[in-house]
There are 2 protein chains.
Amino acid sequence: MATGRTHRPATRSRGIPEATVARLPLYLRALTALSERSVPTVSSEELAAAAGVNSAKLRKDFSYLGSYGTRGVGYDVEYLVYQISRELGLTQDWPVVIVGIGNLGAALANYGGFASRGFRVAALIDADPAMAGKPVAGIPVQHSDDLEKIIQGNGVSIGVIATPAGAAQAVCDRLVAAGVTSILNFAPTVLSVPDGVDVRKVDLSIELQILAFHEQRKAGEEAAASDGGVPAAATRGESADQGPDGDMPAVMPA
Amino acid sequence: MATGRTHRPATRSRGIPEATVARLPLYLRALTALSERSVPTVSSEELAAAAGVNSAKLRKDFSYLGSYGTRGVGYDVEYLVYQISRELGLTQDWPVVIVGIGNLGAALANYGGFASRGFRVAALIDADPAMAGKPVAGIPVQHSDDLEKIIQGNGVSIGVIATPAGAAQAVCDRLVAAGVTSILNFAPTVLSVPDGVDVRKVDLSIELQILAFHEQRKAGEEAAASDGGVPAAATRGESADQGPDGDMPAVMPA
DNA sequence: ATGTCTTTGTGAACGCGTGCACAAAGATGG
DNA sequence: CCATCTTTGTGCACGCGTTCACAAAGACAT
């Protein structure tokens, strides 16, 4: 900490805009990188550039947390890392279960980054009896019969669903009944949950389709600009008549 | 197609709000499910419920595409599937390359859903020479030396980055230089790209951190409601002093 | 101490997205 | 052909998020 700290403790955690919350992890990552390079302070301009956002937005975001900057100087990196971590709840550790240990589930389990920010893989759960006991990422897979026991025994409140779409809602219901109140869903389904339960969704298929939309638009505009009207770029079109929705375990839906 | 079609072809693809574009894949999935069950028509109310959105929002979304409904009846499922597919550019097939065949890259490659909506894995690329030639999901991994050749030879315009964070920007630069104009980034980094290139980001760590924030807020409110003020739920806190940012290949950043 | 220079914190304007509520359109039955 | 009933398409208002632009705060030099 380079300079004096007038900063107020700022317990006004309430009322932080959702959009701001979604950016805090971004700032935190950039700040962590600076911290590792032992950079003592950073200006909103620099940090915003590192996080890929507008500097005014960043300052406004931070203003919701409290007044943690020093005018004329910038923000104290270590102090800000601590404040954001605290705000995000990363100063405690969160036991997480992953349900559905297919390709994606295994990839998630193997992902070392879990441990690095207050998250800990408490258990891996799969419905396949053949998987039971088999270690993935050093953790033995447990059968889904024991799901409730596992959740409650470990005080798990965050669950990750990496099952096929068809199983997702049932798994979700069991997780919620067992006490899970936050779910990260990789299955291509809309989960319905009671009030008070948060669901976030990661859906590769949707992301790709959004990219395809813009890609098509680019191609169309390019074609319209150069010659006639019919899109011409990146074609290899066969119109892909796919079979029924494969109800896949992994990232991508339909 | 049950009833008469007054619908206009609606080539006004321009000016579809981004939020709407992001929901189109959701509608498409719900419609595909209906189509497989041979449901001929669906009302905005039903479809909205299936997609987990407000019916007014859905109708407004569709209104950007054109007038594809029939008052008093609803929407023709098959016709709408076609229109949305076309709007999203899914009537042509998009060759995609995946760069970085670690746990996640392999999971993505194995994901059958790729083929099911106009996307085709054209190549798998990894920097590790030991991986070269090794088949993953039936596709031989190619070395990143040949990246440019592969991109150009297959007319690839969409690239998926599943490399460690440290390699992501370099890979990105090469992809863009080779002609890729849409990137789906799984690496925990902010990619900088020239204008005209779209980047979408999937970041497990951020999703988890957002969940943790809300989880903490719930716990805090609960505690405040019952007794004193200090949060008490779901604790197992050890404050997780993690090592340096592991620069992991997979989904999760820091 | 005083002035200058940097950088924060925020008031205000703007634009996008959402949801209500209803008129218009069309189907359906008599 | 008319009345009724269902469901779409959308005008409108509201709220959230973003961005600009600037005054206030503080560091630093003299």
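A salt bridge here is a side-chain nitrogen of Lys or Arg within 4 Å of a carboxyl oxygen of Asp or Glu. Counted that way, the structure holds 17 salt bridges over all chains. Keep in mind that this is a predicted model.

**Exercise 1. How far can you trust chain A?**

Task: Find the mean pLDDT of chain A, then say where the pLDDT is below 50.

Solution. Start with the overall picture: chain A has a mean pLDDT of 85, with 81% of its residues at 70 or more. Next, look at residues 1-13 of chain A, where the pLDDT is below 50; beyond near neighbours in sequence, this stretch has 27 contacts in the model. Then go to residues 228-254 of chain A, which are also below 50, and here the model shows 78 contacts beyond near neighbours in sequence.

**Exercise 2. Sort some salt bridges**

Task: For the pair Asp146(A) and Lys149(A), work out whether each residue is buried, partly exposed or exposed.

Solution. First, check the pair itself: the two side chains, Asp146(A) and Lys149(A), meet in a salt bridge at 3.7 Å, N to O. Now take the accessibilities. Asp146(A) has 29% relative accessibility, so it counts as partly exposed. Lys149(A) comes out at 59%, so this one is exposed.

Task: Which elements hold Asp198(A) and Lys218(B), and what does their pair join?

Solution. Begin with the distance: the side chains of Asp198(A) and Lys218(B) form a salt bridge at 3.4 Å, N to O. Asp198(A) sits in strand E10 (residues 198-201) of chain A and Lys218(B) in helix H8 (residues 204-226) of chain B, so the pair joins two chains. As for exposure, Asp198(A) is partly exposed at 24%. Lys218(B) has a relative accessible area of 19%; the limit for buried is under 20%, so Lys218(B) counts as buried.

Task: How many residues apart are Asp61(B) and Arg23(B), and are they buried or exposed?

Solution. Their closest N and O atoms are 2.7 Å apart, and the two form a salt bridge. Asp61(B) belongs to helix H3 (residues 55-65) of chain B and Arg23(B) to helix H1 (residues 18-36) of chain B; at 38 residues apart, the pair links distant parts of the chain. Both residues are buried.

One more to look up on your own: Arg29(A), Lys201(B) and Asp203(B) are linked in a network of salt bridges.

**Exercise 3. Read the rings**

Task: What kind of aromatic pair do Tyr27(A) and Phe62(A) make?

Solution. There are 6 aromatic pairs over all chains. In this one, the ring centres of Tyr27(A) and Phe62(A) are 5.2 Å apart and the planes stand at 80°; planes over 60 degrees apart count as edge-to-face, so that is the type. Now place the residues: Tyr27(A) is in helix H1 (residues 18-36) of chain A and Phe62(A) in helix H3 (residues 55-65) of chain A, so the pair ties together parts 35 residues apart in sequence. Tyr27(A) is buried at 0% relative accessibility, and Phe62(A) is buried at 1%.

Task: Where do Tyr68(B) and Tyr79(B) lie?

Solution. This aromatic pair is edge-to-face too, with 5.5 Å centre to centre and 85° between the planes. Tyr68(B) lies in the loop between H3 and E2 of chain B, and Tyr79(B) in helix H4 (residues 77-88) of chain B, so parts 11 residues apart in sequence are tied together. Tyr68(B) is buried at 3%, and Tyr79(B) is buried at 13%.

**Exercise 4. Step into the core**

Task: Which residues have the most contacts inside the largest nonpolar core?

Solution. That core has 108 residues, and the two to name are Ile84(A) and Ile84(B). Leaving aside neighbours within four places in sequence, the contacts of Ile84(A) include Leu24(A), Leu28(A), Tyr27(A) and Phe62(A). Those last two also turn up with Tyr75(A) in one aromatic cluster. As background, nonpolar side chains tend to be buried together in soluble globular proteins.

**Exercise 5. Put a sheet in order**

Task: In what order do the 3 strands of the open sheet in chain B come?

Solution. The order is E1-E3-E2, with antiparallel pairing. Strand E1 (41-42) and strand E2 (69-70) of chain B are the edge strands, each pairing on one side only. Between E1(B) and strand E3 (residues 74-76) of chain B there are 2 bridges. For Thr41(B), the bridge partner in E3(B) is Asp76(B).

Key. Residues numbered from 1 in each chain as written. Chains lettered and ligands numbered in written order. Heavy atoms only, no water. pLDDT = per-residue confidence, 0-100. Contact = heavy atoms within 4.5 Å. Pairing = 2+ DSSP bridges. Helix = DSSP H or I, 4+ residues; strand = E, 2+ residues; numbered from the N terminus. Core = buried A, V, L, I, M, F, W, Y, C linked by side-chain atoms within 4.5 Å. Buried < 20%, exposed > 50% of the residue type's maximum accessible area, 1.4 Å probe, protein only. Phe/Tyr/Trp six-rings, centres within 6.5 Å; stacked < 30°, edge-to-face > 60°.
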